[in-house]
Amino acid sequence: MTPTTGQKTTIEFNDGIVRQFMLASLIWGIVGMLVGVLIATQLNYWQANFGQAWLSFGRLRPLHTNAVIFAFVGNMMFAGIYYSTQRLVKARLASDFLSKLHFWGWQLIILGAAITLPLGLTRGKEYAELIWPINIAVAFIWVVFAVNFFWTLARRNEKSLYVAIWFYIATIITVAMLYIVNHLSIPTSLLHSYPVFGGVQDGLVQWWYGHNAVAFFLTTPILGIMYYFLPKAAERPVYSYRLSVIHFWSLVFLYIWAGPHHLLNTALPNWLQLLGMTFSLMLWAPSWGGMLNGLLTLRGAWGKLRTDPVIKFFAAGVTFYGMATFEGPLLSIKSVNALAHYTDWIIAHVHAGALGWNGFMAAGMFYWLVPRLWNKPLYSTALANLHFWVGLVGILLYVSAMWASGITQGLMLNATTEGGTILKYPNFLETLNAIRPLMLLRVVGGTLYLTGFIIMGYNIWRSTRGAAAVNGTMEVYVEVPAPGSRLGFRGVVGSAPVVYTTIILFAACIWMFSHGVLMFLGFCAAAVTTVLAIAHFESRGKAWADWYDKLLVSALPFTILTFLAVAVGGLIQIIPMITIDRTLQTEDRVARVYTPLELAGRDIYVSEGCYNCHSQMIRTLVPDVMRYGDYSRLGESIWDHPFQWGSKRTGPDLSRVGGKYNHAWHYDHLQNPRNISTGSNMPSYTWLMEKDTDYVSLSSKIRVQRMLGVPFPAWSPAMIDSLAKEQAKAIAKELRAEGRYVDPDKEVVALIAYLQSLGKTWEPTGAPAAKP
């Protein structure tokens, strides 16, 4: 592109907003990690719950995950995007007002989460726990961020979009899509709602969101930051531009398909499990392509590792990215997943990415930014190096402990004897007690990592104390694009890359979702078109490159193509499941509809975060069936809004617990689990014996459930109240007969009613009426 005559101008960047987001990230990061150390301690010492509802593990674990993801990484991501974007597009952020609204709005959202989650106000879905008013605020602030970002792109003086900008665009549009779809809910009150999806549909949508929240909130923006800050720190160009093109498009296309690998060996239809596993394995290539592109950018700069802590953090962070993205596809193999799922191995995998990739990239970026944002050298390079080694040892202790713990527990839970007819370790607590030393080692590792961040906080405080904040400036040449340098509509949809890709995707869908001759023809069409595309690229490579250069000058077509690349996978996976009548997705049994009291108990179960430790999904694996009962069917969770299949078993599965024990057993277990299960690390839920069940809200909750398709009878509010209280009195009466005296209106009674309902099903030949 040859610019026509323009003019030079000096711009001053808005680096004040970068400083605000960076400091907020540091503060919230320390808070989130401190909560993480506390809940890790609670898993070893139940006394660390302090007998308080708002400090219990089930309520604090969502606070920890949300603080680390949205407060720590979120603020760090915004700081990196705002700093690099202004310099890459040679333009100041479009609106100072929108920048301030973005910052303060995001901090208020975090504060809202910090208040509501310990109070038990939650949607009960991992990484999506925030209540509906906060979700609306998140969507609004994200739109503010998007408007500010794309408005800045529209005012850019550098017309070609650099690779980091590609990843930022993918992040903004994909997170918006994921967040809105997964958080669709119908409120029952100001502080409570039910998700519109239920059962397997909710499970599929949740992990389409949950997996890709990791992909597009914790990965793609940090990759963009890597592509900007790593070359800057190393003073070397990106190793391979062509590799970055392949990395970007293959990653954003493949990642979105991989969500079902979180539900392997469950009741999820097998075609979705196979699809998730296949695309997860394919992710190895682009993920490692990006890692190698990052590490090879350091060629000629490896000597800086000895002296520059920034390079240390970046090199280690990119290496951890490679490790995590190798382990992820490995864990998506069904046989490996059968061992690892529901164990601490998954915790090791998550924290290798969060601590190693996100945490170290954040530290490297902060140390690089501080001298430039305050025009003062870093206070202590020695402290920064100490932070690196303390943090690295902490990560290695944490991850290795969780690897050993997860594999040990997985092997013990799956172990059989007598020719595979008897469980070798029938008591779940045997496995828990075996891994206690490793869980304690996790606390040590986490504490060391937290200490490293406290050291960084002190180092940055000393560096900025008394320093004058400065904003960067740049003299830019205002370019006017030459005619024909941008792509129009025809130039996009009629281009060879888009045409070939469309044909290949269409043929591949026919191949995957058809049978017989049609499936064979789809495979042949996809294969032949792929060969033709490669041949065309080899013969007309320059024309393809010229087209892509024009695409990079055209932000809107680039954004649309990126959206289509990420949307197609979700559409193909989710639409079949949410458009088919869910009463046809039941297999051979259907859960009966909850009674009013059981529904109240279920909401208490969700509020207390019981899903953080207990699953409600017996996998199609022999040891699971031997331990917990017949494997779970789709119809058993058909009325569940939200679904409660779980992702971690710190305690046993509860799918078949209904009727297994009497009411007194559950009462004693909730009052003091050690009275029932010696060695249990479950907190005592004594507040359930003191707090009254919320009967008043039941009528609005059942009304919303009926709107969602749950076949509750058309009860009046008075009937709902009467049915709930009658069942509560019956349970309290049985408890009195067993020597446990409790007011029937207490929450413990409602929770017992819910637990006793689990596993109660009917054959799909009659009506699923609710029965008290």
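These legends go with close-up views of a predicted model.

**View 1. Two domains along the chain.** The protein chain splits into domain 1, covering 489-584, and domain 2, covering 589-764. Measure between their centres, using C-alpha atoms, and you get 46 Å.

**View 2. The largest pocket.** This pocket holds about 1800 Å³. Helices H8 (241-255), H17 (489-493), H18 (496-512), H19 (516-539), H20 (541-553) and H21 (555-579) each give it two or more lining residues. H18 hands over the largest share, with 11 residues. Look for Trp-249, Pro-497, Val-498, Thr-501 and Trp-544, which sit nearest the centre out of 47 lining residues. By class, the lining has 38 nonpolar, 6 polar and 3 charged residues.

**View 3. The second largest pocket.** Here you'll find about 830 Å³ of space. Its lining counts 38 residues, and His-614, Gly-651, Pro-652, Leu-654 and His-669 are the closest to the centre. Several helices supply at least two residues each, among them H1 (16-44), H2 (57-88) and H27 (747-757). The largest share, 4 residues, belongs to H24, a helix that spans 663-671. Sorted by class, the lining has 21 nonpolar, 12 polar and 5 charged residues.

**View 4. The second largest cavity.** The model has 8 cavities of 30 Å³ or more, and this view picks out the second largest, at about 210 Å³. Gln-616, Glu-636, Asp-640, Leu-758 and Gly-759 lie nearest its centre, out of 20 residues in the lining. That lining is a mix of 6 nonpolar, 8 polar and 6 charged residues.

Note on methods. Residues numbered from 1 in each chain as written. Predicted model: local features only at pLDDT ≥ 70, side-chain atom pairs only at ≥ 80, totals over all residues. Heavy atoms only, no water. 1 Å grid on protein atoms, 1.4 Å probe; cavity = no way out; pocket = protein on both sides within 12 Å on 5 of 7 lines; lining within 4 Å. Points joined across faces, edges and corners; volume = space filled by probe spheres on them. Nonpolar A, V, L, I, M, F, W, Y, C, P; charged D, E, K, R; others polar. Domains from an automatic or database assignment.
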